[in-house]
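Trainee: I've got this two-chain model open on my screen and I'd like a close look at one part of it. Could you walk me through the place where the chains meet, and then what sits around it?

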Amino acid sequence: MTDKPEKDDDAMKLADLARGLPPTDVDPAAAERIAALTRRDVGHGPPKRRVVEAALVAVLVLATLAWVAMKIYEMLGR
Amino acid sequence: MEALTAETDWVAGLRRGDPGAFDAVFAAYRRRLYGYLVRMTRRRDVAEDLLQETFLRLAQHAKRLADDTRLGAWLFTVAHRLVQSWGRAQAVRAALAGDLPAQEPASTERSPLEALADTQTQLALERAFAALAPAYREVALLVGIEGLQPAEVAEILGVRPDAIRQRLARARAQLAEHLGDHR
């Protein structure tokens, strides 16, 4: 019956401990660079290069599978 | 309630492709995400790279966000997955390199993260958190520092809430053990 309060107590004790940790933040220059780099992609979806890469990989895999299937068919046909 | 309204506005702005909304989200979450990433990876350069990737994914998914998206949970889920991928890559690299230890060897010098500590207590705390197993450290950071609810953390990590409560208890016990006199 006391299980849940004990577990909530864990969260509270951890929060107490964590308050003593030194604050961390990304270097302002790095933050500015990251913001500038990522902001320009807002609403643009994944870059075209990534889509083209995925399409090329799919074509390559399908071609390989087709070639393997053809070879198996040839072997069975003999 | 105000925070909720801001969040709803940000999501609406992101869905419209508004860079202003993105900047607001970046300002609100950058420090929190970086704190989580740097304490999980223990490397500032990696944390910066993963922070960039997290926000890049937000930017690229902006138009596909649901109206009721909770941005904090969404961003921490992405960050968690990136940390996992990075950890796996590190493990593979270590395996390929032979029997080198997966983690940094113990050193008496302060790490860049530890250098932020102003007092012995802060240093002891930083080291105690760093000594936790990643799965416990992650839960301790998300619940202890970020103030997320265990159910929300369970959703982010993709595990059952019971497992989170168990990890919380173990994290607390291990921290107490590590801290000893510094508590």
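Mentor: Here is a walk from the chains themselves to their contact, and then into the parts of chain B around it.

Keep in mind from the start that this is a predicted model. Chain A has three helices and zero strands, so to speak an α-α-α run when you read from the N terminus. Of its 78 residues, 14% are buried. Chain B has eight helices and, again, zero strands, and its elements read α-α-α-α-α-α-α-α from the N terminus on. Here buried residues make up 36% of the 183 residues. Among the contacts in chain B with a separation of 6 or more, 62% join residues 24 or more positions apart.

Now to the contact you asked about. Chain B puts in 40 residues and chain A puts in 27 residues. On the chain B side, the elements giving two or more residues are helix 2 (19-41), helix 3 (44-61), helix 5 (120-131), helix 6 (134-145) and helix 8 (161-179). Helix 2 of chain B has the largest share of that side, with nine residues. Sort the chain B side by class and you get 23 nonpolar, eight polar and nine charged residues.

Let's zoom in on a couple of residues there. Pro19(B) lies in helix 2 of chain B, and, setting aside residues up to four places away in sequence, it touches Arg39(A) and Val42(A). With 19 other C-beta atoms within 10 Å, Pro19(B) is partly exposed; the cut-off for buried is 20 or more. If you look back along the chain to Asp9(B), ten residues apart from Pro19(B), the two C-alpha atoms are separated by 13 Å.

Gln60(B) is the other one to click on, and it lies in helix 3 of chain B. Leaving out its neighbours within four places in sequence, Gln60(B) is in contact with Asp41(A), His44(A), Gly45(A) and Pro46(A). Gln60(B) has 18 C-beta neighbours inside 10 Å and counts as partly exposed. For a sense of distance, take Arg127(B): it is 67 residues apart from Gln60(B) in sequence, and the two are 36 Å apart in space, C-alpha to C-alpha.

Between those two helices there's a loop worth a glance. Arg42(B) is found in the loop between helix 2 and helix 3 of chain B, and its phi is near 65°, a positive value in a residue other than glycine. Most residues other than glycine have a negative phi. Arg42(B) counts as partly exposed, with 18 C-beta neighbours inside 10 Å.

Helix 2 of chain B also turns up inside its own chain. The domain assignment splits chain B into domain 1 (1-103) and domain 2 (106-183). Across that split, 13 residues of domain 1 are in contact with 16 residues of domain 2. On the domain 1 side, helix 2 and helix 4 (71-96) of chain B each supply at least two residues, and helix 2 gives the most, with six residues. That domain 1 side comes out as five nonpolar, four polar and four charged residues.

Next, the two later helices that also touch chain A, helix 6 and helix 8 of chain B. They pack at an angle of about 95°, with their axes 8 Å apart, and are therefore roughly perpendicular to each other. From helix 6 of chain B come Ala135(B), Tyr136(B), Val139(B), Ala140(B) and Val143(B), which meet Ile164(B), Arg167(B), Leu168(B), Arg170(B), Ala171(B) and Gln174(B) of helix 8 of chain B. By class, the residues of this contact are eight nonpolar, one polar and two charged.

Last stop is helix 7 of chain B, residues 150-157. Its buried residues are Pro150(B), Val153(B), Ile156(B) and Leu157(B). Look down the axis of helix 7 of chain B and these fall within an arc of 115°, so they line one face of the helix. Just after helix 7 of chain B comes Gly158(B), with a positive phi of about 70°.

Technical notes. Residues are numbered from 1 along each chain as its sequence is written. Chains are lettered from A and ligands numbered from 1 in the order in which they are written. This is a predicted model: local features need pLDDT of at least 70, side-chain atom pairs count only at pLDDT 80 or more; totals for chains, interfaces and linings use all residues. Two residues are in contact if their C-beta atoms, placed from the backbone, lie within 7 Å. Helices (H or I, at least four residues) and strands (E, at least two) are DSSP runs, numbered from the N terminus. Ala, Val, Leu, Ile, Met, Phe, Trp, Tyr, Cys and Pro count as nonpolar, Asp, Glu, Lys and Arg as charged, and the others, Gly among them, as polar. Domain bounds come from an automatic or database domain assignment. Axes are lines fitted to C-alpha atoms, for helices over the stretch in contact, and angles run from 0 to 180 degrees between N-to-C directions. Angles under 35 degrees count as roughly parallel, over 145 as roughly antiparallel, 65 to 115 as roughly perpendicular and the rest as oblique. A residue is buried if 20 or more other C-beta atoms lie within 10 Å of its own, exposed if 12 or fewer, and partly exposed in between; C-beta atoms are placed from the backbone. The arc is that of the directions from the helix axis to the C-beta atoms.
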